[in-house]
Structures are given as C-alpha cells and as structure tokens.
Amino acid sequence: MITVHHLENSRSQRVLWLLEELGLPYRVQRYARDPRTLRAPPELVAVHPLGKSPVITEDGTVVAETGAIVAHLTARTGGALVPAPGTEAHARYVYWLHYAEGSAMPPLLLKLIFSRLAPGSPWLLRPLVSRIAGRVLQGFVDPDLRRHAAYWEAELAGRPFFCGTDFTAADIMMSFPLEAFGARGTGAGPQVQAWLARIHDRPAYQRALRAGGPYAYA
C-alpha cells in the first residue's frame, strides 16, 4: 500500500489526484501546518530529512519531490497519462512537468514570503518593512507573475490542456501553481480559468479532495 504523507494546502494534493487518476490504492497520513509559520510539522522529518511534503512511502521505499513522484507512479502504471515518446505532445509534457516547479513556483513563493513580511515584523519596523516588501513585489515579483500569466494564456489558447487535446500528468503538475496564482487574487485570465474549471470537474480530482480534506485552492 502506498502511503501519501499529505500536508494540508500543499503540493501533495496533486499526488492524491494522480493516484485517483491512475486507480492505484493508497492511504493518507495527514499533517497540519504550524499556524504561525505555515511550515510543515517536525514529524515529517522522520519520513524524509527535509521534512517537507509530498512524500510517498511503500515497502520501505521513500520517494520525495512531486515531479519524481509523478515519474515514479506513471512509470509503474506503464506510462499512463504520459504522451507517446517522440511526439510533440511528449516534448511539451517533459517541459511542463519541469516548468511547474522550476519556473512557475519560485515567483509564487516570493509573493507569499514578501506579502507576509510586514505583518510578521515588530510593529516599530513594520512601516519600513512594508515599504521594502512593497517595492520588491511591485518592481520584481508581480511583473514576473504577470509574464507567466500571459504565457499560460497564450499556451492554453486553442488547446484544452497543456500538452494538447489530451489530459496528462503535466496538467496535474501545473494545477498547484495555477490554483495558487488564482487564489492569491493576481488576476487569472480566461484561458486559465477555463482550464481550472476543466480539471476541477474531473471525478478523480473530486475524489482526491475528499481523500485529502480541506484544500484552500480548489
């Protein structure tokens, strides 16, 4: 049995969804974030030294990192949700699989960090921290996010999914950054909104929500 070490409101929701799409049996071990820092609890360190989610365990094997988990599980099921090698769809699949964490998530993480700097700082320093954080957001983070958002709009124009006409595991990988982008009020465009509606309507996505518990980005 696969165990998903699932942190609330995190990338691990994608792993639950993938398992539902693949029809693989699993169980969920839930973890709550620290209410002050929003970080994962120390109990996850016992599973993986970095103490982060997602992590899956099975028969003593530990697999971490969402992309690695996706590769592991899709290979286990004979390449399900992966386009045929040598096709344009497969080239797009490899790209979006890595883009999701390598390019899309860093500015979203910066947005979260700099948005929380002022509220979490001592009150005497709060005005200064707020000005510095605001300048970083306005001058660097937000313009970068707008570039990514325009890119997503262009890539989804004329195709229902990121690799083309068929739903793939790359769409699962892209779900968390686009859901987080939309939830933070940064102006998801019509193509992204339509794509989010399509993936949220999938029965496997709905089953994963029930399995994982409350998820703020759905």
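Where in the chain is Pro 54 found? In this predicted model, Pro 54 sits in the loop between strand 2 (26–31) and strand 3 (55–58), and the peptide bond that leads into Pro 54 from Ser 53 is cis, with omega near 15 degrees. Another loop holds a second backbone feature: Asn 9, which lies between strand 1 (2–7) and helix 1, has a positive phi of about 50 degrees although Asn 9 is not a glycine.

**Confidence**

The mean pLDDT of the protein is 94, and 99% of its residues reach 70 or more. Where pLDDT is low, the predicted coordinates should not be read in detail. The two ends of the range of mean pLDDT among the elements are set out below.

| Element | Residues | Mean pLDDT |
|---|---|---|
| helix 1 (highest) | residues 12–22 | 98 |
| helix 4 (lowest) | residues 126–156 | 93 |

**The largest pocket and helix 3**

The largest pocket has a volume of about 1,100 Å³, and of the 33 residues that line this pocket, Arg 11, Arg 33, Leu 38, Arg 39 and Leu 109 are the closest to its centre. Two elements, helix 3 (88–117) and helix 5 (169–183), give two or more residues each to the lining of the largest pocket, with the largest share, 7 residues, coming from helix 3. By residue type, the lining of the largest pocket divides into 16 nonpolar, 8 polar and 9 charged residues.

Helix 3 itself has 30 residues and reaches 43 Å from its first C-alpha to its last, which is close to the 44 Å expected at 1.5 Å a residue. Helix 3 nevertheless bends by about 50 degrees at Tyr 99.

**Aromatic pairs**

A pair of aromatic rings is described by the distance of the centres and the angle of the planes. The count for this protein comes to 13 aromatic pairs. Why is the pair of Trp 17 and Tyr 205 edge-to-face? The centres of the two rings are 5.0 Å apart and the planes of Trp 17 and Tyr 205 stand at 85 degrees, so the pair is edge-to-face, given that planes over 60 degrees apart count as such. This pair links distant parts of the chain, since Trp 17 belongs to helix 1 and Tyr 205 to helix 7 (residues 203–212), 188 residues apart.

Definitions and conventions
Residues are numbered from 1 along each chain as its sequence is written. This is a predicted model: local features need pLDDT of at least 70, side-chain atom pairs count only at pLDDT 80 or more; totals for chains, interfaces and linings use all residues. Side-chain values use heavy atoms; hydrogens and water are left out. On a 1 Å grid over the protein atoms alone, a cavity is a set of points where a 1.4 Å probe fits but cannot get out, and a pocket is an open set with protein on both sides within 12 Å along at least five of seven lines; lining residues have an atom within 4 Å of a point. Grid points are joined across faces, edges and corners, and a volume is the space filled by probe spheres set on the points. Helices (H or I, at least four residues) and strands (E, at least two) are DSSP runs, numbered from the N terminus. Ala, Val, Leu, Ile, Met, Phe, Trp, Tyr, Cys and Pro count as nonpolar, Asp, Glu, Lys and Arg as charged, and the others, Gly among them, as polar. The expected span of a helix is 1.5 Å times one less than its number of residues. The bend at a residue is the angle between axes fitted to the seven residues ending there and the seven starting there. pLDDT is the predictor's confidence in each residue, from 0 to 100. Rings of Phe, Tyr and Trp (its six-membered ring) pair if their centres lie within 6.5 Å; planes under 30 degrees apart count as stacked, over 60 as edge-to-face and the rest as tilted.
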